[in-house]
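User: I should like to understand how the descriptive terms used for a protein structure are justified. Could the reasoning be set out step by step?

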Amino acid sequence: MQNVGGESLLVPIGARVVDVNGIIVLNDTARCVWELLAQERSVDELAAAVAEKFDVDFANARVDVQTFLDEIAHLQALKS
Amino acid sequence: MTALPTDYSSLIRELQRRAALIHQPVSGVFELTERCNLSCQMCYVRHSARDLAQRAKELSAAEWLRLAHDAADNGMVFLLLTGGEVFLRPDFFEIYTPLTRMGLILTIFTNGTLITDRIAQRLAEAPPSLTEITLYGATAATYETVTGLVGSYARCCAGIEALLKHRVPFGLKTTITRHNVGELEAMQQMARNWGVSFAGAWMLSKRRDGNHSEVEDCRLSAQECVNLEATDRISADEWVESAFRDSSLNKDSNFNCQAGKTAFVINSSGEMNPCLSLSQPAVRPLEIGFRAAWEGLQRFVGGTPPPETTCRTCDTRSYCPRCPAWSAMETGTLTEAVPYLCDIARLRKEHYEGMQGLAP
């Protein structure tokens, strides 16, 4: 994750540069999830952390987390 | 905080604007060598590929990587590798490959003539976001008149084909001179045939190092420049727009670009400067540390005197591309008017304000 002018960015590396063809700007929730993903965590663990940090209910947090995970899975941004 | 634009170019500009607010050196240029295998008369930097004195001054791969890590630690995200011709360096991939693992947005400028199938294959393993190849003509005769090297046109085309074969993203651009301007449309067609972008630059300056330059034998006249840019819809629209707006430029400010605000260049011997066209203040990050060098660069840019009164009060100022680098290359000062650009600005004003029924 990179930071430009206070904005958090994901920059593709390796052969992914061609497929992603751009950069990904993270909002606060996405940045929080990305940082937590430094360790293996379940969706529920991520949602609980987001709910606590941003003072939102667990169900909504889980939807946001799952959406972000689906997007970065589509981009193959994570190694399993 | 305002929402970020989704268009890539607009997004990058907005990120740079935000980076400037916190003095983040987000955009770096590493000029890996000043040597080139081509001999273009109009080049502002060229040294011979066999110039051993130049080669001896070039930083090692390890030094470039140290600089890259220091710069990234201080906020660099965008990095351009350029020359001279970068693929003259036999250790290019010793520099490039580790850079591809650092989360940087990489661009390479090259003339393409040294790109072999093997080099394209290695680039494809971790491609730069963009490779820009400069094309000097649409025929071997014209291309080689500009480059001074027999066989270079075919080698450039072979390099392009190798990048296409290995799916390495690239775009074409050209440096427009009196010798190749007649093939501009044909070069655009070549780019269309290859399915890649194309851009042209025709504002050619004298040499950066102050040595004798042959650019005046090559560059278009001021009238030809204005005629040419008027055929380009985007440029024309920008100038028409500028004809109607009050100049947003700070008349006392000399640097009106990102140089020294978010951008820096490190030349082949390790000196940091605001842009590729300036060889001042030549601070040395490997000796004093990247942070101190970046701060020195900002002081230099911030402390540069304003343009001379002639320029500050000129009624063509909003049409004029003069900057400290142009002044340095054409007059040896950071502040003086550049007659070639004065002519271009005057003709632009006449052309675009005339189009709109304004003065003159």
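Analyst: Contact means heavy atoms within 4.5 Å. The model considered here is predicted. By that criterion, B:Ala140, B:Tyr143, B:Glu144 and B:Thr147 of helix H6(B) meet B:Ser152, B:Tyr153, B:Ala154 and B:Cys156 of helix H7(B). The residues of this contact comprise five nonpolar, two polar and one charged.

User: Why are H6(B) and H7(B) called roughly perpendicular to each other?

Analyst: The axes of H6 (residues 140-147) and H7 (residues 152-165) of chain B cross at roughly 105° and come within 8 Å. Angles of 65 to 115 degrees count as roughly perpendicular. The crossing of H6(B) and H7(B) is therefore described in that way.

User: How do you know that strands S5 and S6 of chain B pair?

Analyst: Pairing requires at least two bridges between two strands. Four bridges join S5 (residues 105-110) to S6 (residues 130-135) of chain B, and these strands run parallel. One example is B:Thr110, whose bridge partner in S6(B) is B:Ile133. Together with helix H5 (residues 117-125) of chain B, S5(B) and S6(B) make a right-handed β-α-β unit.

User: Which bridges show that S7(B) pairs with S6(B), and which show that S7(B) pairs with S8(B)?

Analyst: The requirement is again at least two bridges. Five join S6(B) to S7 (residues 170-175) of chain B, in parallel, and B:Leu135 stands opposite B:Thr174 in S7(B). Four join S7(B) to S8(B), also in parallel, with B:Ala199 in S8(B) as the bridge partner of B:Lys173.

User: What makes S8 and S10 of chain B edge strands?

Analyst: The open sheet has eight strands in the order S8-S7-S6-S5-S4-S1-S9-S10 (chain B), and its pairing is mixed. S8 (198-201) and S10 (272-273) of chain B each have a single partner strand, so one side of each lacks a neighbour in the sheet.

User: What angle does H7(B) make with S6(B), and what angle does H3(B) make with S1(B)?

Analyst: H7(B) lies across S6 and S7 of chain B and runs at about 160° to S6(B). Helix H3 (residues 61-73) of chain B lies across S1 (27-31) and S9 (263-266) of chain B, at about 175° to S1(B). Angles over 145 degrees count as roughly antiparallel.

User: How confident is the predictor about chain A?

Analyst: Chain A averages a pLDDT of 89, and 96% of its residues score at least 70. Among its elements, helix H3 (residues 43-54) of chain A has the highest mean pLDDT (95), and helix H1 (residues 16-20) of chain A the lowest (82).

Note on methods:
Residues numbered from 1 in each chain as written. Chains lettered and ligands numbered in written order. Predicted model: local features only at pLDDT ≥ 70, side-chain atom pairs only at ≥ 80, totals over all residues. Heavy atoms only, no water. Axes fitted to C-alpha atoms, helices over the stretch in contact; angles between N-to-C directions. Helix = DSSP H or I, 4+ residues; strand = E, 2+ residues; numbered from the N terminus. Parallel < 35°, antiparallel > 145°, perpendicular 65-115°, else oblique. Nonpolar A, V, L, I, M, F, W, Y, C, P; charged D, E, K, R; others polar. Right-handed = clockwise from strand over helix to strand, strands pointing away. pLDDT = per-residue confidence, 0-100.
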